[in-house]
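Thanks for passing this one along. Here are some notes on how the two chains sit together, for you to read beside the model.

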Number of protein chains: 2
Amino acid sequence: MQITSKFTIAVHILACIEYFHDQETVTSSFLAGSVGANPVVVRNVMGDLKNAGMIRISQGKSGITLARPLSEITLYDVYDAMDCVSEAGLFHFHENPNASCPVGRNIHKTMDSRLESVQKAMEEELKHITLAEIAEDTRKEILGEAK
Amino acid sequence: MQITSKFTIAVHILACIEYFHDQETVTSSFLAGSVGANPVVVRNVMGDLKNAGMIRISQGKSGITLARPLSEITLYDVYDAMDCVSEAGLFHFHENPNASCPVGRNIHKTMDSRLESVQKAMEEELKHITLAEIAEDTRKEILGEAK
DNA sequence: TATCTTGTAATAATTCTTCTTACAAGATTA
DNA sequence: TAATCTTGTAAGAAGAATTATTACAAGATA
């Protein structure tokens with residue numbers, strides 16, 4: 001089980017917009033080229049990022065741009081925008097516990113709050129990481145390559 | 001995306017073994033009845049729990065028993081035994097970032113350590129919760145029902 | 001020895017995710 | 001204004017992963 005690749009694609013896209021904004025007109029096709037995915041999946045991710053207020057989309061020369069600085073976007077914001085985890089939560093509860101068994105009809109309730117806290121721990125960690133860090137590290141890696 | 005229901009099934013099973021061990025002979029069919037799943041999935045989960053040293057399996061009157069007290073089993077132990085998350089990690093990285101794009105060939109490296117720390121935060125939280133807590137709360141809920 | 005239970009393979013069914021094609025609608029620029 | 005480019009979205013195909021089920025051999029028990 002893994003969290004949808006839309007999440008890492010979204011991060012990749014944001015890093016690209018930041019990196020290329022003053023050299024190229026950034027379009028969905030351009031991004032799809034860097035990501036290595038079909039332009040349509042990129043456009044869908046773009047749509048989610050736009051709805052979340054992270055990017056602006058123009059068909060003109062300005063292309064796709066950041067709507068706010070990467071320092072104000074955390075991994076959690078992206079995770080949230082991509083709907084990485086369903087309404088039901090990170091953990092899949094088995095569907096048919098037997099209500100005529102005392103354990104069966106109570107175990108769900110007993111686990112729920114604890115599993116929520118586990119999910120929350122992950123989400124809190126995501127909030128501590130900004131896209132700015134990632135973009136900056138990426139830039140450093142690229143500069144490092146020159147040697 | 002959700003973590004396999006084998007995880008909650010395993011917790012349910014452990015709670016059942018604890019709850020019923022002095023009233024019933026606990027078998028895979030009995031457990032399957034409480035869980036509401038096919039006996040084969042229960043047996044597979046049982047196999048994993050046995051390999052992890054949490055339960056003992058007998059075909060006789062003793063049935064399935066705990067191999068160590070629930071206070072010494074954490075949700076992480078169960079999570080680990082069920083192989084809830086693949087080798088590749090919790091986050092699915094998109095497969096084909098373009099190596100001829102500077103961002104494309106560096107973004108993976110840049111994200112990896114951070115995503116690992118996020119996954120680790122979740123796993124640490126799992127380590128803080130014991131099966132004993134859950135079994136105890138379940139017992140309390142059951143007693144509460146009597147009113 | 002008859003019965004019950006586990007272990008496991010094989011397979012089917014279902015659900016999710018990802019990819020792809022196609023095209024309408026909006027924006028841009030010459 | 002017309003030609004071109006880009007986005008937004010629907011529809012569907014393909015693929016992967018998860019879960020359920022049948023079947024049966026082998027081991028344990030009484």
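1. Before the numbers, one term: buried area is the accessible area, taken with a 1.4 Å probe, that two parts lose on being put together, summed over both. In this predicted model, chain A and chain B bury about 5200 Å² between them, with 65% of it on carbon and sulfur atoms. On the chain A side, Met1(A), Gln2(A) and Arg114(A) lose the most area to chain B, together 14% of what that side buries.

2. How are the two copies related? A turn of 180 degrees, with a shift of 0.0 Å along the axis, lays chain A on chain B with an RMSD of 0.0 Å. That is the relation of a two-fold axis. Within chain A, Met122(A) has the C-alpha nearest the axis, 2.4 Å from it.

3. The contact takes 58 residues from chain A and 58 residues from chain B. Of the interface residues of chain A, 100% are also interface residues in chain B, so the copies meet through the same surface.

4. On the polar side, the rule finds 7 salt bridges across the interface. One of them joins Lys109(B) to Glu141(A), whose closest N and O atoms are 3.2 Å apart. There are also 28 residue pairs in polar contact between the chains, both residues at pLDDT 80 or more.

5. Which helices of chain A supply at least two residues each to the side that touches chain B? They are helix 1 (6-20), helix 2 (28-35), helix 5 (102-127) and helix 6 (131-145). Helix 5 gives the most, with 17 residues. By class, that side of chain A has 31 nonpolar, 19 polar and 8 charged residues.

How values were computed
Residues numbered from 1 in each chain as written. Chains lettered and ligands numbered in written order. Predicted model: local features only at pLDDT ≥ 70, side-chain atom pairs only at ≥ 80, totals over all residues. Heavy atoms only, no water. Least-squares fit on C-alpha atoms with pLDDT ≥ 70 in both. Contact = heavy atoms within 4.5 Å. Salt bridge = Lys/Arg side-chain N within 4 Å of Asp/Glu carboxyl O. Polar contact = N/O pair within 3.5 Å; in protein donor to acceptor, adjacent residues only side chain to side chain. Helix = DSSP H or I, 4+ residues; strand = E, 2+ residues; numbered from the N terminus. Nonpolar A, V, L, I, M, F, W, Y, C, P; charged D, E, K, R; others polar.
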